[in-house]
Amino acid sequence: MSTSVAIKPPVEPAVGKERTRLTGFMPLIALAALIAALTIADPDFLTQRSLTAAARTAAPLIVLAAGATLVVLCGGIDLSIAALASLSTVFLALWIPDLGGLATPAVILVAAVIGVLQGAAHVLLRIPSFIVTLGGMSILSAVALVVSGAGTVRVVDDSTVKWLDLYVGGYVPMSVMVAVIVVALIAVLLKVTPLQSWVSATGYSESAARLAGTPVDLVKIGAFAVSGACAGLAAVMLVSRQFSGGPTMADNLLLPAVAAIVVGGTAITGGHGSVWRSLAGALVVTLLRVGLPIVGVPSAYEQILYGAIIVVAVALTLDKSKVSIIK
Amino acid sequence: MFAALSPQFRSVDNVRSIVDAAAVLAVVTCGITFVLMMGSIDLSAAGVMGASALTVSLLVANNRNDNDFGFLGIVVAVLLGCAFGSLSGFALVLLKVPSFMATLGVSAIGLGVATLMFAGVQPNISDTMLESWAIERFLGFSYLAWIAAACILVGWLIQRYTRLGRYAFAIGGAEEVLTLSGVKVRPYKVAVFTFAGAFYGLGGVMVTSQLGAGLVQAGNGYDFSAITAAVVGGTLLTGGRGGVLHSAVGVLLVMVLTNGLVQVGVSPYWQGGVEGVIVVAAVAAAVIPQRRRNQVVK
């Protein structure tokens, strides 16, 4: 990331405010436009069944992106979420026979602890977060390979994670409900406690936040803990859908998750953004993914699209006044 | 240490196999070193290598089409690497996207392009020259090892004697000073990324020669291994320190370590884990002396 950050606090002129209000709605506009476009391309798309299916695919992505958003809001990045989720699916699949219903909270707890470890390494050793989590990604994948013996671990008795496959009121998948509740919980928790201002202060200007007495280090470690816990929860959702855990099962969710965060409009430089935006971003990314085959584009373009989206969205949301030198 | 633990490790054959196995990593690391010297980072190696591997395997004699461009195909693959590299560079200087994000995106684009070219059927190469690279030996080492040595030499000459190499160092050391003294750094940044892309392109060609087929996953893991090797060799991720020769030593160290661990009986699956620990530890060791000064770390 950027190494040198101007210490002046961000000044938001009136014009800037107008612009932020507009960009705030951008993900929602994109979402509406996508749904409209897909409905025109395929009238069957706007039926309850296909919408439910799309929402179910989106659930793990929403949770992953929401957790990592906190880290991005603090000005860092967590590249290990997908690898951590993969490792968690392996743990969950291995632990369900012994722990039963306790396996789910255990996995989420372990994932949160791994998040704390990475956060502590980042804060205490003063290593840039993307290096810590890049190293973490490599380490976690290796652990997942060794623990699982590089193969898929089947879940024979899936009664303990089956509840995620139920439908609320017959229509809304339980996993989607859980994802939305998690996002709401994080958002409310930020709102009613001083955490909101701590997190954005850390993201906007870390030195100023430190001087003002914000517990910057704890906030950052906390953000990594939430990010880890969310990766664990996403893993539970994946296992409930696939009835197995695998050492690379969630690895292809990293790019969509990062794309969801930046498409939602959370600035990669920190401070500006919210978890709700990432929810919208995750829905946009999912719709793009399910939408490509509908429009008749081969799914190989998916990767190209993610790459382009990430670069363009980061360029659009970047707070250019804040960063003098981009590395 | 490994020599003491495993008699097999001491053999001449093993030394030879370490050097041969290090060839591709050495080329990729050579490219990434220049980017790291500037203080940027490059995560695009995997995608670029995948795209160039597919390109070269479809352009030389193969089982998918009638192309037989031979050497020209290799040149095209390397140029494709250049194109991807300059894409990262332009995203960095024009769009001001931080390099790790830009290169993450470019890597995805590269993998996507590779998947498109793969089209479900694996192209097996039958080009005798490219196949001979991995098999034929000259003075005991495979041609690939000699190509890697040549790349290191070229990299070192560029780093030492050209403006590009000198400025890459200076950008990493003190970009503000360089800008204030009237140097236009932006073209050099793009040039460095382009240059690095050429090395990844060549790396992809070399992997294709080893495997005898073009695979989308040709570059899997090389991006991170290359960063590990460069960091172990003493190139700082903050820039301004290190060099191609440092990295070459780092490559050998990493290869000796992974080869040694396998010989001692550690599961090869741990390789990525060991690399992760090394990177974090090496970066931490480099940062600790100035820990009190840098209060802001993103």
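Visitor: Is Y161(B) buried or exposed?
Guide: This is a predicted model, so what follows is computed from it. Y161(B) sits in helix α7 (residues 143-161) of chain B. A residue counts as exposed if 12 or fewer other C-beta atoms lie within 10 Å. Y161(B) has 10 C-beta neighbours inside 10 Å, so the call is exposed.

Visitor: How far apart in space are Y161(B) and V287(B), C-alpha to C-alpha?
Guide: Along the chain, 126 residues separate Y161(B) and V287(B). In space, C-alpha to C-alpha, the gap is 29 Å.

Visitor: Staying in chain B, on which residue is the kink in helix α2 centred?
Guide: Helix α2 of chain B covers residues 12-37. After α2(B) comes G39(B), with a positive phi near 90 degrees. The kink itself is about 40 degrees, and its centre is A23(B).

Visitor: Which element gives the most to the side of chain B that touches chain A?
Guide: Start with the totals: 47 residues of chain B are in contact with 48 residues of chain A. On the chain B side, the elements giving two or more residues are α4 (71-93), α5 (99-118), α8 (163-180) and α12 (271-287). The top contributor, with 14 residues, is α5(B).

Visitor: And how many residues on that side of chain B are nonpolar, polar and charged?
Guide: Here we just sort the residues of chain B that touch chain A by class. The split is 27 nonpolar, 14 polar and six charged.

Visitor: Over to chain A: what share of its residues count as buried?
Guide: Chain A is built with twelve helices and four strands. Take its contacts between residues at least 6 apart in sequence, and 80% of them join residues at least 24 apart. Of the 327 residues of chain A, the buried share is 55%.

Visitor: How do α4(A) and α5(A) sit relative to each other: parallel, antiparallel, perpendicular or oblique?
Guide: Helix α4 (residues 103-125) and helix α5 (residues 129-148) of chain A pack at about 140 degrees, with axes 9 Å apart. An angle has to be over 145 degrees to count as roughly antiparallel, and 65 to 115 would be roughly perpendicular. That angle therefore makes α4(A), relative to α5(A), oblique.

Visitor: What classes of residue make the contact of α4(A) with α5(A)?
Guide: The crossing of these two, α4(A) and α5(A), is right-handed. From α4(A) come Q118(A), A121(A) and H122(A), and from α5(A) come S129(A), V132(A), T133(A) and G136(A). By class that gives two nonpolar, five polar and no charged.

Visitor: How many nonpolar, polar and charged residues are in the contact of α4(A) with α9(A)?
Guide: α4(A) packs with helix α9 (residues 216-242) of chain A at about 145 degrees, their axes 7 Å apart. α4(A) passes α9(A) in a right-handed crossing. Sorted by class, the contact has 18 nonpolar, eight polar and two charged residues.

Visitor: Is R126(A) buried, exposed or partly exposed?
Guide: R126(A) lies in the loop between α4 and α5 of chain A, and has a positive phi near 60 degrees. Most residues other than glycine have a negative phi. Buried takes 20 or more other C-beta atoms within 10 Å. R126(A) has 19, so the verdict is partly exposed.

Visitor: What is the phi of A150(A) near?
Guide: A150(A) is in the loop between α5 and β1 (153-154) of chain A. With 14 other C-beta atoms within 10 Å, A150(A) is partly exposed. The phi of A150(A) is positive, though the residue is not glycine, and is near 60 degrees.

Terms used. Residues are numbered from 1 along each chain as its sequence is written. Chains are lettered from A and ligands numbered from 1 in the order in which they are written. This is a predicted model: local features need pLDDT of at least 70, side-chain atom pairs count only at pLDDT 80 or more; totals for chains, interfaces and linings use all residues. Axes are lines fitted to C-alpha atoms, for helices over the stretch in contact, and angles run from 0 to 180 degrees between N-to-C directions. Angles under 35 degrees count as roughly parallel, over 145 as roughly antiparallel, 65 to 115 as roughly perpendicular and the rest as oblique. A crossing is left-handed if the near helix is turned anticlockwise from the far one by less than a right angle, and right-handed if clockwise. Two residues are in contact if their C-beta atoms, placed from the backbone, lie within 7 Å. Ala, Val, Leu, Ile, Met, Phe, Trp, Tyr, Cys and Pro count as nonpolar, Asp, Glu, Lys and Arg as charged, and the others, Gly among them, as polar. The bend at a residue is the angle between axes fitted to the seven residues ending there and the seven starting there.
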